[in-house]
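Work through these short exercises with the structure open. Try each task before reading its solution.

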Amino acid sequence: MTLLLDLKSNLKTKLRRGRLFHQLLNELEACENLSYPELIERQNQQLRQTIQQAYHNVPYYRRLFDKLNLTPAAINTIEDLKLLPVMSKADLRGREQQFVSKSVKFKTKTSTSGTTGTPVTLHRDRYSINLEHASIWRQRRWANVDLDEPIVSLRGDVVVSPDTEHPPFWEYRAAENRWLMSSYHLCDRFIPYYLEHLRKIDISAIEGYPSAIYRLACYMRDRQLEPIPVKAVFTSSEVLPDYRRQLIERYFGKVFDHYGQSERVGHLAMCEHGNHHYAMNYSIIEFLPTQYHNLYKIVGTTLHNAAMPLIRYDTNDFAMVRDRSCACGRAFPVVDSIEGRSEDYIVTPAGKFVGGMGIVFGGVNNLVEGQIVQSEIARLQVSIVTTENYGAKDRQVLLDNMR
């Protein structure tokens, strides 16, 4: 089993960190020297290519443009996107194959598993996979963490069985130079083992759910333990309130948060000055105004995934945006905060804190929406909205994911 995991890890690393990855990382870093008008011009060029590819190779967009009596030439700049309707996840769900390009041969398949609990099947090409990875590593270099430095990952990976009662609750992936730690064993009984291991191994950074890393910091604060300093803490997948960020930084190191989605239509990365930046060379984000002052809806357009381009996709997330610059000097616009992604965790009878619960809805067919409510310590209520094709097999997958 270990040999198989190592083999998969090696293949995954080669896919994500080959020649194309290094080329894209160099290009992303070079773009940091561009002015805002230069970044806009690049986006417009990439948008025109995306529109052409989508019209000629993606059935949904061919029909949409024909219905609206538009040609690809009508979408020449970001402003022209307003000629097209905003698309919701509901528009995509159940019709995913209509959004898949006929011209891209190599594709990988995944699904959303966000906090809405509304899974959608997605396809990505090799370029998109490498761009995502390069974008993550560009931010890590902002924190002076480089490719060959060891990292601890505290996310939703099932490292050991949830029933395991003794360490190790982690494993080392040599191909990635990364320690995977279980986020499902974070209770007062087991946390001392985590801290002991973290003090023993030589790591440069920690990545993971804010709620999981915050749980470790709370334990250390309550027992007045010494910090475990690292170069940086990379957080994602959940909203990061200031009180959590401050405690994490007190016990581990400076936080670099980032926002993204499985749909790959937007990327916001926190720089060394603590500001989230809209990565303009990743996608196009339209910040559409709402009825609330300075609060904008995040609507994104793919620029680098020919396998399944999404144009004017409503992420159902929101951001606080003001017109201001950052001391880092990058021309990427500043986003004050990301809203709408707050996700609580459940507490098990053993005292474990389990976050990232949206993952239990991933891979469940015929599911429209899901919600988890913990009304008492030993009981979880799962409410679901399904299609008419939902059956016993789907239910069993959901129960297996929950367990």
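**Exercise 1.** Place Thr-50, then decide: is Thr-50 buried or exposed?

*Solution.* Thr-50 sits in helix α3. Helices (H or I, at least four residues) and strands (E, at least two) are DSSP runs, numbered from the N terminus. Thr-50 has 6% relative accessibility, so it counts as buried. Buried means under 20% relative accessible area, exposed over 50%, partly exposed in between (1.4 Å probe, protein chains only). Next, list its contacts (heavy atoms within 4.5 Å). Neighbours within four places in sequence aside, Thr-50 meets Thr-302, Leu-303 and Pro-309.

This is a predicted model: local features need pLDDT of at least 70, side-chain atom pairs count only at pLDDT 80 or more, and totals for chains, interfaces and linings use all residues. Residues are numbered from 1 along each chain as its sequence is written, and side-chain values use heavy atoms, leaving out hydrogens and water.

**Exercise 2.** Find the buried residues of helix α4 (residues 59-67).

*Solution.* They are Tyr-60, Tyr-61, Leu-64 and Phe-65. Seen down the axis of α4, they fall within an arc of 120° (taken from the directions from the helix axis to the C-beta atoms), so they line one face of the helix. Their cover includes α3 (36-57). Just after α4, Asn-69 has a positive phi of about 60°.

**Exercise 3.** Which element gives the largest share of the largest nonpolar core?

*Solution.* A nonpolar core is a set of buried Ala, Val, Leu, Ile, Met, Phe, Trp, Tyr and Cys residues joined through side-chain atoms within 4.5 Å. The largest has 39 residues; Tyr-61 and Leu-84 are among those touching the most other members. Helix α3 gives the largest share, five residues.
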